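Take a first look at this protein chain. Keep the sequence and the model side by side.

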Amino acid sequence: MKKGILILVGILGFLIESKAQELDFRVIINSDRSRFQSTEVFSQMKTSFEQFLNGRTWTSDEFRPEERIKGNLLITINQVPQIGVYSATVQMQVVRPVFGTNYETVVLNFIDRNWSFEYQESQPLEFNRVSYLNNISSLLAFYAHIALGMDYDTFELKGGNPYFEVANDIVNNAQQSGRAGWVQNPNDRRSRYWLINDIYISTVYAPIREAFYLYHRKGMDQLATAPEEAYNSILGAIQRVAEANRLQPNGIFTISFVDAKSDEMISILKNAPFEIREKAVPLLLEIDPNNARKYNELLKS
């Protein structure tokens with residue numbers, strides 16, 4: 001009887017723990033460029049990284065399985081200069097379901113081009129908010145909190161602040177390592193240092209934080225039920241991104257917004273009233289001139 005109770009308690013504990021886990025990230029490791037012959041280490045690396053991201057609780061909030069934050073971490077191994085040492089590029093994507101639909105929208109698309117780390121097979125990975133342990137757990141924990149912060153920002157104005165605060169602590173702790181990506185380098189704006197600086201520290205980009213809330217919660221989530229208000233909210237989001245871009249052009253936070261949203265905005269605005277498109281297109285041309293032809297097409301229909 002006691003054994004049965006213990007089993008039941010164990011099952012309930014597992015279910016409670018599973019319910020609280022927030023992330024559902026897929027890690028993809030591409031080692032083709034490195035020409036490294038042993039692929040088994042990359043299989044273990046993938047499993048270890050996914051377990052680190054998805055197998056622990058990062059917040060005090062409860063998440064049902066269907067509420068877990070989805071994302072992709074694409075790691076391209078560029079070089080293996082010696083056994084156990086890796087040089088890589090990381091692309092991080094966070095996706096979010098749109099209320100009342102089967103559609104998932106990309107919230108953030110960020111490419112981190114400068115990550116080097118040491119990994120041994122079966123290496124345990126731990127995280128400590130107050131100290132730097134290694135360049136793997138720091139990077140994974142950093143992007144876990146960026147993902148949480150961005151997702152929470154889409155549901156509540158600046159709702160991601162607690163998670164961005166932790167991400168900022170991770171950067172500050174990792175600076176002691178002197179490793180690329182953690183330190184201030186004006187010649188490398190696509191770095192972890194500048195990403196959290198622009199999201200959380202800089203007041204210049206504060207309008208983009210508001211834009212994420214307007215675009216997703218007041219815009220995308222309302223398109224099916226209140227399209228007029230939704231289109232105006234999406235326009236308001238674009239206006240705020242343009243406002244930040246005028247103060248400091250081509251910031252990494254602006255670029256990340258455009259990378260995630262340009263094709264989607266074009267698709268949505270095709271169905272918007274002409275007066276919305278007429279106001280949105282000049283702003284989009286300011287913040288994303290590379291897609292000028294596509295944006296100008298919105299004014300022809």
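What follows covers the core, one loop residue and a pair of helices.

This is a predicted model, where local features need pLDDT of at least 70, side-chain atom pairs count only at pLDDT 80 or more, and totals for chains, interfaces and linings use all residues. Residues are numbered from 1 along each chain as its sequence is written, and side-chain values use heavy atoms, leaving out hydrogens and water.

Begin with the largest nonpolar core, which has 88 residues. A nonpolar core is a set of buried Ala, Val, Leu, Ile, Met, Phe, Trp, Tyr and Cys residues joined through side-chain atoms within 4.5 Å; buried means under 20% relative accessible area (1.4 Å probe, protein chains only). Phe-49, Ile-75, Phe-117, Phe-142 and Ile-146 have the most contacts inside this core. Helix H3 (residues 135-153) gives the largest share, twelve residues. Helices are DSSP runs of H or I, at least four residues, and strands are runs of E, at least two, numbered from the N terminus.

Now find Arg-68. It sits in the loop between helix H2 (40-54) and strand S2 (69-82). Its C-alpha atom is separated by 35 Å from that of Leu-298, 230 residues apart along the chain.

Last come helices H7 (residues 227-247) and H9 (residues 274-287). Their axes, lines fitted to C-alpha atoms over the stretch in contact, come within 9 Å and cross at roughly 30 degrees. H7 and H9 are therefore roughly parallel to each other, a label for angles under 35 degrees.

Conventions:
Axes are lines fitted to C-alpha atoms, for helices over the stretch in contact, and angles run from 0 to 180 degrees between N-to-C directions. Angles under 35 degrees count as roughly parallel, over 145 as roughly antiparallel, 65 to 115 as roughly perpendicular and the rest as oblique. Buried means under 20% relative accessible area, exposed over 50%, partly exposed in between (1.4 Å probe, protein chains only).
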